[in-house]
Amino acid sequence: MARGEPIRVLHDGFVPGRFAIDAYGRGGFRFADMSHRGSILALPSGIHAWPVVSLTDIGVESFDKAVAERAAIDVLLLGTGPAPSPVDDAIRWILRDAGIGLEVMATGAAARTYNIMLGENRRVAAALVAVD
């Protein structure tokens, strides 16, 4: 994207399609020539705004959209912020029951791993908490 060029913004909280994460930080993400401030959920159907500010906001219901797309997801990468943090066992169980593996890591590592797995055409999803 050229300097000074307007940035498209995620509208209605969703953009359809599978896209690599071009950048992260400053409280948001860049992908598909768009910029989004806040956390995101990257699923096979597209990238959704994710109403999570920190790990304490994450509950079982935070993964409803991922569970709904379980047939197309083998592993979900959870980026917990600037550092990896443990998650509630209930979250692990809801994903395990849906047949989705869970890998927890810092947001930066999760975004990079997502891009690699997406490039390998793997059945991957990511839930990424925005970092500064």
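Hi everyone, let me start with one residue: D74 is partly exposed, at a relative accessible area of 43%. Please keep in mind throughout that this is a predicted model.

So what does the side chain of D74 meet in a salt bridge? The partner is R123, with 3.1 Å from N to O. D74 sits in the loop between α1 (64–68) and β8, while R123 sits in the loop between α3 (107–119) and β10, so this pair ties together parts of the chain that are 49 residues apart in sequence. R123 is partly exposed as well, with a relative accessible area of 37%.

How many salt bridges does the count come to? Two. Besides the pair I just showed, the side chains of R122 and E120 meet in a salt bridge at 3.2 Å, again N to O. R122 counts as partly exposed, at 42% relative accessibility. E120 counts as partly exposed too, at 47%. As a quick reminder, side chains of opposite charge can pair when their charged atoms come close.

While we are in this region, have a look at N121. It is found in the loop between α3 and β10. Its phi is positive, near 60°, and N121 is not a glycine. Most residues other than glycine have a negative phi. Is N121 buried or exposed? At 69% relative accessibility, N121 counts as exposed.

There is another residue of this kind, A32. Phi of A32 is about 50°, positive although A32 is not a glycine. You will find A32 in the loop between β4 (28–31) and β5 (34–37). Here the surroundings are another matter: A32 has 16% relative accessibility and counts as buried, since the cut-off for buried is under 20%.

Now let's step back to the whole chain. It has three helices and 10 strands. Reading from the N terminus, the order of elements is β-β-β-β-β-β-β-α-β-α-β-α-β. The radius of gyration is 14 Å, close to the 14 Å that the globule rule gives for 132 residues, so the chain is as compact as a globular protein of that length. If you like to think in outer dimensions, the C-alpha trace spans about 45 × 30 × 25 Å along its principal axes. Of the 132 residues, 46% are buried.

On to the sheet. Six strands form an open sheet with mixed pairing, and their order is β2-β7-β6-β10-β8-β9. Which strands stand at the edges? They are β2 (14–16) and β9 (101–105); each has a single partner strand, so one side of each is left without a neighbour in the sheet. From one strand to the next, the twist averages 15°.

Let me zoom in on one pairing inside that sheet. Strand β8, residues 75–79, pairs with strand β10, residues 124–128, in the parallel sense and over five bridges. If you want a landmark on screen, take L76, whose bridge partner in β10 is A125. For anyone newer to this, strands of a sheet pair through backbone hydrogen bonds, either parallel or antiparallel.

Last, the aromatic side chains. The structure holds one aromatic pair. There is also a charge and a ring to look at: the charged end of R96 sits over the ring of W93, 4.5 Å from the ring's centre.

That's my tour, and thanks for listening!

Conventions:
Residues are numbered from 1 along each chain as its sequence is written. This is a predicted model: local features need pLDDT of at least 70, side-chain atom pairs count only at pLDDT 80 or more; totals for chains, interfaces and linings use all residues. Side-chain values use heavy atoms; hydrogens and water are left out. Two strands pair if DSSP finds at least two bridges between them. Helices (H or I, at least four residues) and strands (E, at least two) are DSSP runs, numbered from the N terminus. Axes are lines fitted to C-alpha atoms, for helices over the stretch in contact, and angles run from 0 to 180 degrees between N-to-C directions. A salt bridge is a side-chain nitrogen of Lys or Arg within 4 Å of a carboxyl oxygen of Asp or Glu. Buried means under 20% relative accessible area, exposed over 50%, partly exposed in between (1.4 Å probe, protein chains only). Rings of Phe, Tyr and Trp (its six-membered ring) pair if their centres lie within 6.5 Å; planes under 30 degrees apart count as stacked, over 60 as edge-to-face and the rest as tilted. A charge sits over a ring if NZ of Lys or CZ of Arg is within 6 Å of the ring centre and within 35 degrees of the ring normal. The radius of gyration is taken over C-alpha atoms; the globule rule is 2.2 Å times the number of residues to the power 0.38.
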